[in-house]
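Q: Could you take me on a close look at one part of this model, the surroundings of its bound metal?

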Amino acid sequence: MADIVETAARKVFGRYDLDGDGLVTADEYRKIVSELGSHITESEAQELIDSVDSNGDRQMSFEEFWAALNG
Ligand SMILES: [Ca+2]
Ligand SMILES: [Ca+2]
C-alpha cells in the first residue's frame, strides 16, 4: 500500500521536476503552478520550496517532498 502511494508521489514529483534532475527548483514549481492556471511570484514559489527544504540547498528533492507529504 505504501509502495503504491510512493509510486504515485514519484509521478507527481516527476511532473514538477521539469528537467528530470531529481530536484524541483522554485522556477520549476512556479511554471507548473501557472500551467495549472494559478499565478505565484518567484519569491512565493521559493518560500514554498524553502518550507519543505531540509538540507538548505533551496531546492526540493523527492525525499523532502515525501517528508512533507507524510507530515
Ligand atoms: Ca529539476
Ligand atoms: Ca533541498
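Q: Which protein atoms coordinate the calcium ion (ligand 1), and what surrounds its donor residue E28?

A: Happy to walk through it. This is a predicted model, in which local features need pLDDT of at least 70 and side-chain atom pairs count only at pLDDT 80 or more, while totals for chains, interfaces and linings use all residues. Residues are numbered from 1 along each chain as its sequence is written, chains are lettered from A and ligands numbered from 1 in the order in which they are written, and side-chain values use heavy atoms, with hydrogens and water left out.

Let's begin at the ion. The calcium ion (ligand 1) has as protein donors D17 (OD), D19 (OD), D21 (OD), L23 (O), E28 (OE) and E28 (OE), at 2.2 to 2.5 Å. Donors here are N, O and S atoms within 2.8 Å of the metal (3.2 Å for Na, K and Ca), and since water is not among the atoms, sites may look incomplete. Along the sequence, the donor residues follow the spacing D-x1-D-x1-D-x1-L-x4-E.

The angles among the 6 donor atoms run from 53 to 155 degrees, and the site is irregular. That label is what remains when other patterns fail: four donors count as tetrahedral if all angles lie between 85 and 135 degrees, whereas four count as square planar and six as octahedral if opposite donors are over 155 degrees apart and all others between 65 and 115. For reference, ideal angles for six octahedral donors are 90 or 180 degrees.

Now for E28, which sits in helix α2; helices (H or I, at least four residues) and strands (E, at least two) are DSSP runs, numbered from the N terminus. E28 is buried, at 7% relative accessibility, whereas D19 is exposed at 53% and D21 is partly exposed at 44%. Buried means under 20% relative accessible area, exposed over 50%, and partly exposed in between (1.4 Å probe, protein chains only).

Setting aside neighbours within four places in sequence, E28 is in contact with Y16, D17, L18, D19 and L23, where contact means heavy atoms within 4.5 Å. A polar atom of the E28 side chain also lies 3.4 Å from the backbone nitrogen of L18. Such a polar contact is a pair of N or O atoms within 3.5 Å; within protein, one must be able to donate a hydrogen and the other to accept it, and residues adjacent in sequence count only if both atoms are side-chain atoms.

The donor L23 leads on to F13, since F13 touches G22, L23, V24, M60, S61, F62 and F65, again leaving out neighbours within four places. F13 is also among the residues that touch the most other members of the largest nonpolar core, which has 15 residues. A nonpolar core is a set of buried Ala, Val, Leu, Ile, Met, Phe, Trp, Tyr and Cys residues joined through side-chain atoms within 4.5 Å. Helices α1 (2–16), α2 (26–35), α3 (42–52) and α4 (62–69) each supply at least two residues of this core, and α2 gives the most, with 4 residues.

For a companion view, the calcium ion (ligand 2) is coordinated by D53 (OD), N55 (OD1), D57 (OD), Q59 (O), E64 (OE) and E64 (OE), at 2.3 to 2.4 Å. Its donor residues are spaced D-x1-N-x1-D-x1-Q-x4-E. Here E64 is buried at 5%, while N55 is exposed at 53%.
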